[in-house]
Amino acid sequence: MQGLNKQERTGAGLAAGSMLLVGGSVAASSLLDGYPVLGGQAVRYLMAALLLAGWARLRRTPLPRPAGREWAWLAALAVIGLAGCSVLLIEATRVADPASVGVVIGAAPLIIVIAAALAAGNRPTRRALLAAAMVTAGSAAAQLSGATGPTWNGAGLLLTAGAVGGVAGTSLLAAPVLPRLGALTVTVYACGLAGLLLLAAAAVARSAGGPPILRTPTATELAALSYLTVAVTAVVFIAWYTAMECLGADRTGLFNGLIPVASLAAVALTGTGAITPLRFLGALAVLAGVILGLGRARHALAGAINQAGQRAKLSGETTPAPAPAPSGTTALDPAAG
């Protein structure tokens, strides 16, 4: 990563750290097997929103108010990228083999790279596609061999496919609002909306004879919920969206490939699994893909800046045109519409 500037190195570090925390959430989620899903996830997101809002108030950091279509983007992010993704992922691991679920989730980087390029009006570069393919293949290899759990079935496939869409949506749906609102504001509002949505869904399910909205958690369940709330939600989302501001949605999305690898490391550390040679090779493939994707040709960015300068001269502007935002953000910015 020697070719990255300071901002890009910061973004890479934040993205990698985020995925390490998310990988550790596998063990935490497994401790909530008997806890109400909708109510538990509602508390997770609402508490994260309150904690971050309180932290912003203590630091006297202003939280810009969303306006116009920004509300629609935040609502979609809350429904698809947060609430939908977390619930579908939990349900998928209950009816399908967790390792198989991890294989499918590993395809998220490829989806993000392609979708971010298309949304910006460009074709994905060969380098970006190759990097995403390497990350996806490495993620799959990291989850193969030694799988245990329920047999794969159609319901598991549908639930996991929905979760993959949620993982991709976490990045793609946040990209339009990050330039103006910033990582902290996007996280606070998205978590708050997701929490309210899940709480309402839990109430509806309860009225229809479903499980209780909440119950008093055991000490183990409380510890797991606390980890998911603080580390995996509050910390991870701010770090992830800050990384997107530094790297763009496409390059940041490559780090999703670290989730299965980080999960394997957590499993090995807790003594509930082992790192096989195939899984080790998968981890190396993921690392190589991320490095390849981050080290894309720098002259492309320089050319874009030069083009912006030429447009400024032709339009008679006296001040230099700002450098374009990271790929995957500018063309999606609702304010530009």
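A nonpolar core is a set of buried Ala, Val, Leu, Ile, Met, Phe, Trp, Tyr and Cys residues joined through side-chain atoms within 4.5 Å. The exercises below use this term on a predicted model.

**Exercise 1. Describe the overall make-up of the protein.**

Begin with the secondary structure, which comes to 13 helices and 0 strands. Next, take the residues by burial: of the 337 residues in the protein, 43% are buried. Then turn to the surface, where the protein exposes about 15900 Å², with carbon and sulfur atoms supplying 68% of that area. Last, consider how the chain meets itself: among contacts with a separation of 6 or more, 89% are between residues 24 or more positions apart.

**Exercise 2. Find which residues touch the most other members of the largest nonpolar core, and which helix gives the most to this core.**

The largest nonpolar core holds 69 residues, and those that touch the most other members are Leu-77, Leu-82, Val-186, Tyr-241 and Phe-255. Helix α9, which spans residues 219-247, gives the most to this core, with 15 residues. Another core lies apart from it and has 9 residues, including Ala-92, Ala-96, Ile-105 and Ala-108. As general background, nonpolar side chains in soluble globular proteins tend to be buried together.

To look closer at one member, take Leu-77 and leave aside its neighbours within four places in sequence; among the residues then in contact with Leu-77 are Leu-82, Val-186 and Tyr-241, together with Gly-169, Thr-170 and Leu-173.

**Exercise 3. Decide whether Thr-170 and Thr-187 are buried or exposed, and list what each one touches.**

The cut-off needed here is that buried means under 20% relative accessible area. Thr-170, found in helix α7 (residues 154-172), has a relative accessible area of 11% and is therefore buried. Leaving aside neighbours within four places in sequence, Thr-170 is in contact with Leu-77, Gly-81, Phe-237 and Tyr-241. A further pairing shows how the fold brings distant positions together in space: Thr-170 and Ile-80 are 90 residues apart in sequence, while their C-alpha atoms are 7.5 Å apart.

Thr-187 belongs to helix α8 (residues 178-207), and its relative accessibility is 1%, so Thr-187 counts as buried. Not counting residues up to four places away in sequence, Thr-187 touches Leu-52, Phe-237, Ile-238 and Tyr-241. From C-alpha to C-alpha, Thr-187 and Ala-174 are 9.1 Å apart, with their positions 13 residues apart in sequence.

**Exercise 4. Apply the same cut-off to Thr-136.**

Thr-136 has its place in helix α6 (residues 126-143). Its relative accessibility is 16%, so Thr-136 counts as buried. With neighbours within four places in sequence set aside, Thr-136 is in contact with Gly-106, Ala-107, Pro-109 and Leu-110.

**Exercise 5. Locate the largest cavity and describe its lining.**

A search of the whole structure finds 1 cavity of 30 Å³ or more, and about 50 Å³ of space lies in the largest cavity. Its lining is formed by Leu-32, Tyr-35, Pro-36, Val-37, Gly-40, Gln-41, Ile-90, Arg-94 and Leu-225. Sorting these residues by character gives 6 nonpolar, 2 polar and 1 charged. To see where the lining comes from, note that α2 (37-58) and α3 (69-95) each supply at least two of its residues, and that α2 gives the most, with 3 residues.

Methods:
Residues are numbered from 1 along each chain as its sequence is written. This is a predicted model: local features need pLDDT of at least 70, side-chain atom pairs count only at pLDDT 80 or more; totals for chains, interfaces and linings use all residues. Side-chain values use heavy atoms; hydrogens and water are left out. Buried means under 20% relative accessible area, exposed over 50%, partly exposed in between (1.4 Å probe, protein chains only). Helices (H or I, at least four residues) and strands (E, at least two) are DSSP runs, numbered from the N terminus. Contact means heavy atoms within 4.5 Å. On a 1 Å grid over the protein atoms alone, a cavity is a set of points where a 1.4 Å probe fits but cannot get out, and a pocket is an open set with protein on both sides within 12 Å along at least five of seven lines; lining residues have an atom within 4 Å of a point. Grid points are joined across faces, edges and corners, and a volume is the space filled by probe spheres set on the points. Ala, Val, Leu, Ile, Met, Phe, Trp, Tyr, Cys and Pro count as nonpolar, Asp, Glu, Lys and Arg as charged, and the others, Gly among them, as polar. Accessible areas come from the Shrake-Rupley method with a 1.4 Å probe; for residues, only the protein chains shown count as cover.
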